[in-house]
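Welcome! Open your viewer, get ready to select a few residues at a time, and follow along.

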Amino acid sequence: MALASAEYPFLNLMWTMLVFFLWIAWFWLLFVAFGDLFRRTDVSGWGKAGWTVLLILLPFLGILLYLVTQGRHLVERQRAREAASGTTGAAQIAEARRLLEEGVIDDAEYQALKRKALAR
């Protein structure tokens with residue numbers, strides 16, 4: 001053990017751990033950016049291609065720019081996706097029933113919404 005500590009000092013070990021942690025954090029941010037980018041419907045194909053090229057060719061600058069320009073809305077989009085996926089089938093059926101009773105939809109549309117909610 002003394003031989004290992006003499007050949008690789010403690011501060012070098014801490015530096016290596018910090019660099020490794022930052023490398024993992026950067027990959028995590030890259031996956032978050034790509035995940036958000038390709039789930040978005042408000043960005044065109046060319047916009048997605050441009051961001052992808054920027055994120056691949058200039059990765060650190062690309063991540064920084066994406067977080068600065070899209071970071072505020074990134075959380076809002078994530079919460080909206082979670083809220084939409086958190087809606088239960090029973091809640092969807094109840095909402096469809098309410099719309100049917102109000103006359104907004106007809107019986108065929110109600111049955112279609114009911115089948116879709118039950119299929120989840």
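The stops below go through one helix, some aromatic rings and some salt bridges. Keep in mind that this is a predicted model.

**Stop 1: helix α5**

Select residues 89-102, which make up helix α5. These 14 residues reach 20 Å from the first C-alpha to the last, close to the 20 Å expected at 1.5 Å a residue. Now colour Ile93, Ala96 and Leu100, the buried residues of α5. They lie on the same side of α5, because they cover an arc of only 65° around the axis. Add residues 107-119 to your view: this is α6, and the buried residues of α5 pack against it. Before moving on, click on Gly103, just after α5, which takes a positive phi of about 85°.

**Stop 2: charges on and around α5**

Show the side chains of Arg98 and Glu102. They form a salt bridge, with the closest N and O atoms 2.8 Å apart. Both sit in helix α5, 4 residues apart, so about one helical turn separates them. Arg98 is partly exposed, at 35% relative accessibility. Add Glu95 and you have a network of salt bridges that links Glu95, Arg98 and Glu102. Then select Arg97 and Tyr110: Arg97 lies over the face of Tyr110, at 5.6 Å from the ring centre.

**Stop 3: aromatic rings**

How many aromatic pairs does the structure hold? There are 6 aromatic pairs. Start with Trp23 and Phe27, an edge-to-face pair at 4.9 Å centre to centre, with 90° between the planes. They are 4 residues apart in helix α2 (residues 10-39). Trp23 is partly exposed at 47% relative accessibility, and Phe27 is partly exposed too, at 29%. Further along, select Phe34 and Phe38, a stacked pair with 6.1 Å centre to centre and 20° between the planes. To see an aromatic cluster, show Phe20, Trp23, Trp26, Phe27 and Phe60 together.

**Stop 4: two more salt bridges**

A search of the whole structure finds 5 salt bridges. For one of them, select Asp36 and Arg77, whose closest N and O atoms are 2.7 Å apart. This pair links distant parts of the chain: Asp36 is in helix α2 and Arg77 is in helix α4 (residues 59-85), 41 residues apart. Asp36 is buried, with a relative accessible area of 2%, and Arg77 counts as buried at 17%.

Finish with Asp42 and Arg40, a salt bridge with its closest N and O atoms 3.0 Å apart. Which partner is buried, and which is exposed? Arg40 is buried, at 8% relative accessible area, whereas Asp42 is exposed, at 55%.

Technical notes
Residues numbered from 1 in each chain as written. Predicted model: local features only at pLDDT ≥ 70, side-chain atom pairs only at ≥ 80, totals over all residues. Heavy atoms only, no water. Helix = DSSP H or I, 4+ residues; strand = E, 2+ residues; numbered from the N terminus. Expected span 1.5 Å × (residues − 1). Buried < 20%, exposed > 50% of the residue type's maximum accessible area, 1.4 Å probe, protein only. Arc of directions from axis to C-beta. Contact = heavy atoms within 4.5 Å. Phe/Tyr/Trp six-rings, centres within 6.5 Å; stacked < 30°, edge-to-face > 60°. Lys NZ or Arg CZ within 6 Å of the ring centre and 35° of its normal. Salt bridge = Lys/Arg side-chain N within 4 Å of Asp/Glu carboxyl O.
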